[in-house]
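Reader: I would like a close look at one residue and the part of the chain around it. Please keep it brisk, and go from the residue outwards.

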Amino acid sequence: MSNLWVMLGRNPINRIVVAQLLGTLLLASAATLADLVLAYSIALGGLTGAIPNGFMAWRLSRQVGSPGLAFKSMVMGELGKLGLTALIFASVFVWVKPLNVSIFFAALVLAMMLNVIVPLVDQKRHGQRTQ
């Protein structure tokens, strides 16, 4: 598993997105044994968190020349992330029937929690202390 982190480079944002995608895939795959609606509710909830984060990671990884452009890129990334999240939410609630809404939101919250868990694991792995 640590080789996967090395392959992703030093960018922690990429590791967060990969952890969200892998976690979603594993949970949804396991849920297919129980119920198909459960499985795709997990998949859609996790992807609702991971896809906008992937967009933000892409925006932040672009090279910019000045601090002003870096700030603009960050703001555009955050606005794009918000827009993608709203679009995915609307699409899921309009077109996906039946949907286990509580499982959808649980998977979304789990994906969002990885935004905190992955950096904490990285710090612990590298022997850094949190403040």
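Author: Start with S73. S73 sits in helix α4, which covers residues 67-95. The model is a predicted one.

S73 is buried: its relative accessible area is 6%, and the cut-off for buried is under 20%. Its side chain has a polar partner. That partner is the backbone oxygen of R59, at 3.1 Å. Leave out residues up to four places away in sequence, and S73 touches R59 and V64. R59 therefore appears twice, as the owner of that backbone oxygen and as a residue in contact with S73, a contact being heavy atoms within 4.5 Å.

Now the helix that carries S73. α4 has 29 residues. From its first C-alpha to its last, α4 reaches 41 Å. The expected figure, at 1.5 Å a residue, is 42 Å, so the two are close. S73 is one of several buried residues in α4; G77, G80, I88 and V92 are also buried. An α-helix has 3.6 residues a turn, so residues three or four places apart point the same way. The cover over the buried residues of α4 includes α3 and α5, the latter spanning 101-125.

Next, α3. This helix runs over residues 36-61, and R59 falls within that range. The 26 residues of α3 should span 38 Å at 1.5 Å a residue. The end C-alpha atoms of α3 are 36 Å apart, which agrees. α3 also has a kink of about 30 degrees, centred on L47.

Then the whole chain. The chain has five helices and zero strands. From the N terminus on, the order of elements is α-α-α-α-α. Of the 131 residues, 27% are buried. Take the contacts between residues at least 6 apart in sequence: 63% of them join residues at least 24 apart. The chain exposes about 8,400 Å², and carbon and sulfur atoms supply 71% of that area.

Last, confidence. The average pLDDT of the chain is 88, and 89% of the residues score at least 70. Confidence is highest in α3, at a mean of 94. Confidence is lowest in helix α1, residues 2-7, at a mean of 56. Where pLDDT is low, the predicted coordinates should not be read in detail.

How values were computed
Residues are numbered from 1 along each chain as its sequence is written. This is a predicted model: local features need pLDDT of at least 70, side-chain atom pairs count only at pLDDT 80 or more; totals for chains, interfaces and linings use all residues. Side-chain values use heavy atoms; hydrogens and water are left out. Helices (H or I, at least four residues) and strands (E, at least two) are DSSP runs, numbered from the N terminus. Buried means under 20% relative accessible area, exposed over 50%, partly exposed in between (1.4 Å probe, protein chains only). A polar contact is a pair of N or O atoms within 3.5 Å; within protein, one must be able to donate a hydrogen and the other to accept it, and residues adjacent in sequence count only if both atoms are side-chain atoms. pLDDT is the predictor's confidence in each residue, from 0 to 100. The bend at a residue is the angle between axes fitted to the seven residues ending there and the seven starting there. Accessible areas come from the Shrake-Rupley method with a 1.4 Å probe; for residues, only the protein chains shown count as cover.
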